[in-house]
Amino acid sequence: MMGRGPAAANPHPGDSRDADAEVWLTIITAWECHVVSMVERDEHINHLDRLLTGCLAGNGRAVLVEGPAGSGRTELLRAFAERGEERGVRHLAASCSAAESALPFGVVDQLLGGVPWPPEHADRITALLGSLGGDAVSDAPQPPELVRACHDVAQALLAASADTPLLITVDDVRNADRPSREFLLHLVRRLPQAGVHLVMTDETVLRPEHRRFRAELARHRHVDHLRLAPLSDAGALRLLTRELGAEDAHRVGAPILAASGGNPLLLRALIDDHRHSGDAPGREYAMALLGCLHRADPAVLRVARALAVLGDDTDDAEIGRLLGGADGGETAREVLRALEAAGLLAAGRFRHPAARAAVVDDLTAAERAALHGKAAHLRYARGADAPTVARHLIEADRAHDPAPGGITSGAAEQARTPWAVTVLSEAAEHALLDDRHELAAQCLGLAHRAGGDERTRATLRSRLAAAEWQLDPSTAARHLTPLTAAVHAGHLDTAAGLVLVRQLLWHGRNDDAVAVLDRLRTRASTANPGSLGEAAALQDAEVWLAYTHPALARGRRTPALPADLRHTVVAPGTDPQLHAAAALADALARGRAHKTADRAEEVLRDLHLHRRSPWAEEAALLALRVLVPAGRLTEAAAWSEHLVRAAEARDAPTARAVYAAARAEIAARQGDLVTAVDQGRAALGHLSPKGWGVAVGLPLGTLILAATRTGEHEEAAKQLAHAVGDAMFRSQYGLHYLYTRGHHYLATRHSHAALADFLSCGELLRDWGLDAAGVLPWRTAAAEAWLRLDNKDQARRLLLEQLGRPNSDGSGTRGPALRLLAAAGPPGRRLQLLTEAIDLAEASGDRFEQVRVLADLSRAHQANNDKRRARLLLRQALHVANMCDMKPLAQELLSVSAALGGAESMADGLDRIGGLTDSERRVASLAVLGYTNREIAGKLYVTPSTVEQHLTRVYRKLGIRRRKDLPADLWANLRKTG
């Protein structure tokens with residue numbers, strides 16, 4: 001055996017032994033490279049090599065190498081063929097393709113026509129090739145001419161092998177044409193006394209027409225059978241380590257090995273993915289997997305596609321039913337076993353989501369729709385849950401096709417629209433419960449397209465609009481016109497009609513909203529006495545309108561509701577969140593925020609129970625607005641922060657935008673300008689200005705105000721450049737926008753424009769009947785504009801009028817009025833007014849107002865020649881201004897400090913802080929932050945009496961008389977020590 005190879009490789013027998021050794025070394029090195037590249041295939045190579053040795057001695061053999069897709073059959077065949085050529089045999093090769101299986105003797109033509117023959121055999125073989133042809137034969141008994149042709153070709157090859165042994169390799173023999181298979185069987189029967197070694201490869205899964213061929217091979221003792229299996233874990237890790245290195249193999253080995261299943265082809269693809277993109281699995285993996293499936297028996301591809309479409313919650317019987325046919329289940333079972341043996345599946349499931357995605361993406365749109373349509377009917381007939389069936393209907397993008405043949409689902413009409421609409425509607429409810437609004441919109445959109453009567457379609461469209469609203473109100477706007485027509489046609493109930501009214505108003509379609517309202521009012525007036533729910537819902541909507549869109553409320557009068565709304569009973573059929581919104585709006589419209597604050601917090605606590613209500617965000621916004629005038633600004637900030645975090649976890653951009661806008665507004669009221677800007681921008685990021693509709697006045701107004709107070713006037717002007725419609729100014733959103741725009745004009749020295757905006761706010765509130773409720777302190781803002789215009793008389797008139805109105809005793813309203821009255825009045829009363837104003841500013845939690853009062857107090861003390869007190873107050877004001885990023889105020893305060901001796905004099909008294917003990921410093925620092933004695937005691941785990949004693953000693957050491965004189969620097973000191 002070993003003598004034949006070198007002689008054939010070295011045609012010059014006169015060369016030295018060194019030359020022969022060099023040739024052998026080259027051959028062995030090349031051979032070892034092949035063996036190394038084929039991990040765990042040494043045993044198979046050695047077996048084939050032993051059989052080849054027998055062939056060289058004239059004992060022909062045949063070998064069938066069987067293995068699953070991607071197991072390396074072709075690579076093994078190629079490596080062994082190179083080995084045979086190196087040993088001097090003549091190699092005849094054929095690679096079978098399903099595309100050429102109808103070409104008679106196509107494989108024989110590849111074998112005989114692919115090599116140069118010696119002259120003594122060339123003419124005969126060429127003549128034989130020219131005589132072969134004709135149509136492919138069937139399974140019927142073979143005609144004599146086919147038998148004769150096979151005999152003649154076999155004899156020619158056997159004659160040629162007498163001179164030089166032949167190695168014949170046939171890859172993927174299952175795809176060979178029928179005459180060629182008959183030739184191979186004819187040749188196999190004549191191998192024992194010939195110098196021919198025949199090696200064929202095949203897959204594990206057999207086609208029915210191929211089984212006779214395999215059975216014929218199995219009965220011959222000189223036919224060997226080799227099976228290739230996926231690599232073991234150790235072998236796969238060895239290959240991975242060799243290709244990627246030990247460090248990378250250790251780091252990424254586990255997921256790569258799990259995804260490959262030991263399949264050599266998939267493993268190499270995963271290695272390439274990791275090398276090229278760092279992703280595994282990626283494109284190479286997907287292509288390798290599809291290559292395995294497409295080269296395999298067609299049944300394998302069909303089963304893999306069915307599994308990909310049905311998903312993990314399936315079995316072989318269901319796959320068989322989807323594929324159809326009498327033996328579909330048995331075929332599926334056999335194919336699934338083969339795919340698992342190949343490492344493509346694990347426990348009947350794809351090893352990685354990328355595998356399933358690759359198979360699904362390989363389907364054409366028509367194929368995908370057809371499979372999913374069949375799967376939907378199949379699973380509906382088997383009683384699967386609605387979300388499962390709906391997933392297939394959505395992928396099929398239709399819900400009205402009749403059931404396919406072979407699937408029984410009751411009467412013929414049962415397979416049409418009604419059941420599909422019901423399933424999709426139920427699936428949408430499940431999706432909404434899980435905050436999956438996009439999926440709900442898909443279900444409802446498909447159900448609406450499926451048909452049904454007008455009332456059903458109108459109801460489905462209304463629900464679809466509500467689902468899309470949570471994603472983007474501008475998308476849901478396309479439904480408003482047909483829904484308006486549905487209300488007028490009587491196809492929508494009152495609850496859906498009122499939701500439509502809110503959506504129309506949001507988009508500034510006030511005329512359409514009025515028309516729908518009038519239709520609902522007419523219907524309620526003629527309804528039977530049993531329709532109490534509809535009447536109650538309409539009354540709630542009227543109350544809500546009277547505050548949010550007062551111009552549309554009936555008679556522009558606020559409908560009366562009970563004074564104490566905590567114990568009112570919601571009428572059956574009424575949305576609890578609409579009722580809550582009405583109660584809160586009523587409290588704001590009547591100036592009863594203090595009495596309704598507990599109810600507002602109750603609404604916020606229970607909001608998660610009602611998040612599917614189309615009125616949930618509206619109720620939450622109004623609840624937060626109730627807390628602000630009720631003096632619960634800290635609680636409002638905490639609740640708004642909670643709502644923002646909760647909304648971030650949901651698939652609902654609209655809710656995120658609304659709550660971010662609310663958080664920004666409350667932060668601006670607190671003087672937390674950084675948060676106000678961040679949340680305002682987030683609100684406009686979650687929804688475009690078009691999506692915001694008229695409500696865009698809320699985030700825009702807050703951004704304008706915050707940017708103005710931080711000195712970013714260009715940013716404020718940019719927000720003012722957004723186009724806003726006239727409809728916005730007929731709502732509370734427009735009122736907020738006007739008010740904040742006026743403050744921007746005031747800060748940029750456009751006092752007349754500011755005055756016009758503030759007076760416009762007053763006109764709107766009077767026209768709407770809301771002026772008495774103290775919704776907005778427009779008089780105070782207008783008085784400040786008059787002061788800028790040096791008209792103290794007009795300013796005093798408005799301020800006194802403001803202070804004399806009901807609902808003006810709140811700290812957030814009374815404090816600014818007193819500050820401005822001190823500026824407009826005689827100097828003798830200035831300290832008294834400002835002293836009360838600073839207490840109110842601290843109680844309100846508005847740090848912007850605190851800075852302004854502190855600055856005015858500093859000026860007042862300076863006018864009284866109390867420079868020490870003036871410096872102390874100015875330093876505290878400057879500290880809060882810098883902390884809150886109030887740049888214009890900070891610049892103004894620095895200019896004032898020059899009159900008090902400059903920055904150096906601002907530091908007097910700081911050395912006295914060093915004389916405080918640690919415990920005194922902690923107590924004083926918390927007091928500077930505004931905590932009460934009881935709150936400080938709770939934080940430091942001491943008694944209130946101890947806190948009072950510490951503060952007394954602090955006052956004495958610092959030379960001050962009360963809490964409000966504590967240096968603001970103590971706050972920074974607390975941060976350093978705490």
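The following paragraphs lead from the overall chain to its nonpolar cores and then to one pair of packed helices.

The structure is a predicted model. Its protein chain contains 51 helices and seven strands. Of the 978 residues in the chain, 53% count as buried. Contacts that span long stretches of sequence are also recorded: among those between residues at least 6 apart in sequence, 69% join residues at least 24 apart.

The interior may be approached through its nonpolar cores. The largest nonpolar core comprises 151 residues, and within this core L498, Y659 and W692 touch the most other members. The helix that gives the most to this core is α32, spanning residues 653-670, with 10 residues. L498 merits a closer view. When its neighbours within four places in sequence are set aside, L498 is in contact with L517, L520, A537, L538, A541, L578 and W615. Separate from this core is a second one of 52 residues, with L270, V300, L345 and V360 among its members.

A particular case of helix packing is provided by α28 (residues 576-589) and α29 (residues 593-605), whose axes lie 9 Å apart at an angle of about 155°. Because angles over 145 degrees count as roughly antiparallel, α28 is roughly antiparallel to α29. The crossing of these two helices, α28 and α29, is left-handed. On the α28 side, the contact is formed by H579, A580, A583, L584 and A587, while α29 contributes A593, T596, R599, A600 and V603. By character, the residues of this contact between α28 and α29 comprise seven nonpolar, two polar and one charged.

Notes:
Residues numbered from 1 in each chain as written. Predicted model: local features only at pLDDT ≥ 70, side-chain atom pairs only at ≥ 80, totals over all residues. Heavy atoms only, no water. Axes fitted to C-alpha atoms, helices over the stretch in contact; angles between N-to-C directions. Helix = DSSP H or I, 4+ residues; strand = E, 2+ residues; numbered from the N terminus. Parallel < 35°, antiparallel > 145°, perpendicular 65-115°, else oblique. Left-handed = near helix turned anticlockwise from the far one by under 90°. Contact = heavy atoms within 4.5 Å. Nonpolar A, V, L, I, M, F, W, Y, C, P; charged D, E, K, R; others polar. Core = buried A, V, L, I, M, F, W, Y, C linked by side-chain atoms within 4.5 Å. Buried < 20%, exposed > 50% of the residue type's maximum accessible area, 1.4 Å probe, protein only.
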